[in-house]
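Please look through the sequence and the model shown here before reading on. The questions afterwards go from the whole chain to its parts.

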Amino acid sequence: MIFEQVATNGCQSYLIGCSETCAAAVIDPEVRQIERYKALAAQHGVRIRYVIDTHMHADHFSATKQLSEQLGVPAVAHRLSPAPYPDLRVDEGDVIKVGNIRLAVLHTPGHTHDAICLVASDRVFTGDTLLIGATGRTDLPTGDPDELFDSLFNKLLKLDPGLRVYPAHDYKGHRCSTIAEELVSNPRLQKKDRGEFVEMMRTLSLSMPEHLTEALRVNMSGGVSVAQLLTEAAAEVPFMSMDEVKARVEGGANELIVLDVREKDAFEAGHIPTAKHLPRGVLELRVNEALPDPTVRIVTYCEVGKISTLAAATLRKLGFTRAVALDGGMKAWREKGFPVEPAA
Ligand SMILES: [Fe+2]
C-alpha cells in the first residue's frame with residue numbers, strides 16, 4: 001500500500017494507493033496542496049482515481065472540486081453532501097475500489113450530517129468524527145451531538161480496536177492513533193452515557209473557526225476563495241519590479257503607461273509620477289476611452305499589489321497583452337522613499 005499523510009496547519013489529508021494497479025485516492029485534500037498531491041502520485045507512479053471529502057468542511061478550503069476537475073476523476077462525498085459538485089455520491093455500506101484497496105463507507109453523522117468514515121484494511125479515515133484525543137465539534141451547521149454519540153459508540157468504536165485512526169484534523173503534531181488507544185485515553189470517549197456525552201458536547205464553547213463563512217461558501221458552492229482568485233490572477237500576469245518602474249518613470253520612457261487602479265482619494269493623496277488614474281471598480285467601463293491603444297505597455301499598481309494583479313489580468317483578458325502588474329504596491333513604494341506626486 002502506498003500511503004502519504006499531508007498536513008496543512010492542522011488539516012490532515014491523505015494519498016492512499018495500490019502499488020499493484022497504480023490506482024490511488026486522495027482524501028480530504030486542501031487547496032494549497034493540489035500540486036503536492038499530484039507530485040506525490042507521480043513520485044509513487046500512481047494515478048489518482050478518486051478525490052474524496054469525508055464531510056463538508058467548515059474550517060479549510062477543500063480542493064476536491066478543483067482536483068477532480070483537473071484530473072478528470074470523480075469527486076466523492078456522502079449523498080447528503082450539500083455541495084453540488086460531487087459526481088459520485090456514496091452511502092453507508094458502499095465500497096470504493098481503489099485498485100486492490102477497498103475503502104468501505106460508514107455514514108457517521110454528528111460533526112456534520114454528511115460525515116463519513118472510510119475503512120481500509122488496517123486503518124480508518126475518521127474525518128472529523130473521531131480525532132486523536134478529541135472528537136469533531138457538533139456546534140457548526142448540521143452538527144448534532146446525539147448523532148455523534150451513535151456514530152461513535154454504536155458504530156466507529158465497535159470496529160477492530162487495532163485499526164489505525166487517521167483523522168482530518170490534528171493540531172498537536174500527532175500522525176495517527178488506534179481505536180484501542182482512543183477508547184482508553186480520549187477524554188471525550190470517557191463519557192459513555194448518552195446524556196453526559198451530549199451535555200459535554202453542548203457546553204464545549206469553542207471559538208469559531210477562522211474563515212468559517214468563506215470556507216462554507218467555497219466548499220458548498222464549489223467557488224473559489226479570495227486567495228485562490230488572487231493566485232489564479234497572479235499566474236496569468238507577469239510583474240515589473242519597483243526599481244524598473246522607477247527607472248522608466250525617471251528616464252521619461254513614455255511608452256510605459258503607469259496605471260493607478262486605486263480609488264480617487266488614494267490617487268489624489270499621492271501617486272507614482274506620470275501615473276494615469278483608472279479605478280479597478282470602473283476599469284471595464286472606462287477602458288476604451290482611457291486606453292484606446294491595446295498595444296501599449298501598461299503596469300498597474302494599487303496599495304498593496306493585489307487589486308493591481310486582478311486589474312492586469314482583466315486587461316490581458318480584454319486584449320491588452322502587454323499589461324503587467326507592479327511587484328509590490330504604493331505602500332512599499334512609499335516605504336522605499338521612491339518619488340510620489342504630489343509630494344507629501
Ligand atoms: Fe470538519
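The following questions and answers walk through this predicted model step by step.

Q: How are the residues numbered, and what pLDDT do local features need?
A: Residues are counted from 1 along each chain in the order in which its sequence is written. Because this is a predicted model, totals for chains, interfaces and linings use all residues, while side-chain atom pairs count only at pLDDT 80 or more and local features need pLDDT of at least 70.

Q: Is the protein a compact globule or more spread out?
A: The C-alpha trace spans about 75 × 50 × 30 Å along its principal axes. The radius of gyration, taken over C-alpha atoms, is 26 Å, whereas the globule rule (2.2 Å times the number of residues to the power 0.38) gives 20 Å for 344 residues, so the protein is more spread out than a compact globule.

Q: How far apart do the centres of the two domains lie?
A: The protein is divided into domain 1, residues 2-223, and domain 2, residues 229-335, with bounds that come from an automatic or database domain assignment. Between their C-alpha centres the distance is 43 Å.

Q: Which strands are the edge strands of the open sheet of 5 strands?
A: Strands are DSSP runs of E with at least two residues, helices are runs of H or I with at least four, and both are numbered from the N terminus. Two strands pair if DSSP finds at least two bridges between them, and in this open sheet the parallel order is β15-β19-β18-β16-β17. The strands that pair on one side only are β15 (239-240) and β17 (276-277).

Q: Which residue in β19 is the bridge partner of Ile298?
A: Strand β18, residues 297-301, runs parallel to strand β19, residues 323-326, and 3 bridges join them. Within β19, the partner of Ile298 is Ala323.

Q: At about what angle does helix α8 run to β16?
A: Helix α8, residues 242-250, lies across β15, β16, β18 and β19. Axes are lines fitted to C-alpha atoms, for helices over the stretch in contact (C-beta atoms, placed from the backbone, within 7 Å), and angles run from 0 to 180 degrees between N-to-C directions. On this scale, α8 runs to β16 at about 120°.

Q: Which residue in β10 is the bridge partner of Leu118?
A: Strand β9, residues 116-119, pairs with β8, residues 101-107, in the antiparallel sense over 4 bridges. On to β10, residues 123-127, β9 is joined by a hairpin of 3 residues, and these two strands run antiparallel with 2 bridges. In β10, Leu118 has as its partner Phe125.

Q: Which strand gives the largest share of the largest nonpolar core?
A: A nonpolar core is a set of buried Ala, Val, Leu, Ile, Met, Phe, Trp, Tyr and Cys residues joined through C-beta atoms within 7 Å, and a residue is buried if 20 or more other C-beta atoms lie within 10 Å of its own. The largest core has 51 residues, of which Ile16, Ala24, Ala25, Val26 and Leu118 touch the most other members. Its largest share, 5 residues, comes from strand β3.

Q: Which residues of helix α2 are buried?
A: Helix α2 covers residues 64-71, and Gly72, just after α2, takes a positive phi of about 70°. The cover over its buried residues includes β3, α1, β4 and β5. These buried residues of α2 are Thr64, Lys65, Leu67 and Ser68.

Terms used. Contact = placed C-beta atoms within 7 Å. Buried ≥ 20, exposed ≤ 12 C-beta atoms within 10 Å, placed from the backbone.
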